[in-house]
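Me: I'm new to this one, so please give me a slow, close look at its salt bridges. Where they lead on to something else, follow that too.

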Amino acid sequence: MMSLYEKFNEYFNVGVAVNERTIKSHKEIIVPQFNVLTAENEMKFESVSPSLGVYDFTKADKILDFAKENNKKLRGHTLVWHNQTPDWYFKENGSFVSREEMIKRMDNHMRAISKHVKDACYAWDVVNEAIDDKYGNYLRQSNWTEIIGDDFIEKAFLCARNHFPNAMLYYNDYNESNRDKCEKICKLIKSLKTKDIPIDGIGLQAHWNIFSPTIEEIKKAFFEYSKLGVKLSITELDVSVYEFEDKRTDLIVPTNEMIEKQERFYLGIFEIFKEYSEIIDCVTFWGVSDDVTWLNNFPVKNRKNFPLLFDSNQNTKPIYKKLLEKV
Ligand code: GLA
């Protein structure tokens, strides 16, 4: 049987988030099944810069080397984010630095990364999660908006184009299929394009569950995004078997109902991905198999979840075969 990326090759790339452990422990799945990799944490600010102007790429290099050795493409993740970015980066002597200084620091960060990583990443998540989830609010208030202002996003993309002239530049966010958030993401992309800010794509994180968003909501969101004239990538796909409010901890295996719902959901979303394949570059799963998903610790610590196509023993689940045969 063809592997995932071979099966969908004519439509889009199929990627996976890996980390310094899974590139060893899950190599037998990663190498044959996926043709694009994202570093789960190893290229984030806190992982590469221990103090101002100091860089340590030991962890990132493990992923870079693995990608090179195995002939996999890499998505860079991520350059400008409010999370996993230490407070000292924004401060000097305990207070926020000036707008000019912060823009300079952002530029220096991207320069340091590009000097080391060079052209290894064919795409970059330039800005991650800048939009507020709350109805009525537009941009998330963060150290970035506080110091630079709302145009930190424009500055970030201009700066990224300068340092990564050949990469596809993405805006990446979650809850992307929620109607209000989708409208706000569209508003942002339109405003960037009107100002000739270099942006090539939207990263739709797709941290979904079997109840929400619905296939209809996802379809509607893809329709809206497809009108913007940019590429789309599904950047962090997983399908939790729990409703977000469901904090149950007693399940060792998913119920039959969960499995059925999840199968229907996976088949439904891959139909949508296929429908929009002309503008979709890549569909990336956030983790290789159920034993190493971040959802085993979120939103409930140490609660088993079953969101991916490979189970905790690293075997394919029935849905894997169904996706290959039915989509
Ligand atoms: C967000 C980030 C990712 C990762 C996931 C959870 O979606 O973009 O880097 O941290 O949350 O694992």
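**Charged partners, up close**

Reply: Let's start with aspartate 246, which is buried, with a relative accessible area of 18% (buried means under 20%, exposed over 50%, and partly exposed in between, using a 1.4 Å probe on protein chains only). Before going on, a word on what you're looking at: this is a predicted model, where local features need pLDDT of at least 70 and side-chain atom pairs count only at pLDDT 80 or more, while totals for chains, interfaces and linings use all residues. Residues are numbered from 1 along each chain as its sequence is written, and side-chain values use heavy atoms, with hydrogens and water left out.

So who does aspartate 246 pair with? Its salt-bridge partner is arginine 248, and the closest N and O atoms of the two are 2.7 Å apart. (A salt bridge here is a side-chain nitrogen of Lys or Arg within 4 Å of a carboxyl oxygen of Asp or Glu.) Arginine 248 is partly exposed, at 36% relative accessibility, whereas aspartate 246 is buried. Searching the whole structure turns up 21 salt bridges, so let's visit a couple of others.

Next, look at glutamate 224 and lysine 220. They form a salt bridge too, with 3.3 Å between the closest N and O atoms. Both sit in helix α10, residues 215-226, and because they are four residues apart there, about one helical turn separates them. (Helices are DSSP runs of H or I, at least four residues, numbered from the N terminus.) It helps to know that an α-helix has 3.6 residues a turn, so residues three or four places apart point the same way. Both partners are partly exposed: glutamate 224 has a relative accessible area of 22%, and lysine 220 has 45%.

Now slide along to helix α12, residues 318-326, where lysine 321 and glutamate 325 are again four residues apart, about one turn of the helix. They make a salt bridge whose closest N and O atoms are 3.8 Å apart. Lysine 321 is partly exposed at 43% relative accessible area, while glutamate 325 is exposed at 55%. Salt bridges can also link up: Glu20, Lys59 and Lys62 are joined into one network by bridges that share partners.

While you're at α12, have a look around the rest of the helix. Ile319, Tyr320, Leu323 and Leu324 are buried there. These four cover an arc of only 140° around the axis (taken from the directions from the helix axis to the C-beta atoms), which puts them on the same side of α12. Turn to the face pointing away from that buried side and you meet the exposed residues Pro318, Glu325 and Lys326. So glutamate 325, the partner of lysine 321, is on that face.

One last stop, for another kind of pairing: how many disulfides does the structure hold? Zero, where a disulfide would be a pair of cysteine sulfur atoms within 2.5 Å. Cysteine 159 is in no disulfide, and the nearest cysteine sulfur, in cysteine 121, is 16 Å away. Cysteine 159 is buried, with a relative accessible area of 7%. Cysteine 186 is buried as well, at 6%. Its closest cysteine sulfur belongs to cysteine 182, at 4.2 Å, which is too far for a bond.

Notes: Helices (H or I, at least four residues) and strands (E, at least two) are DSSP runs, numbered from the N terminus.
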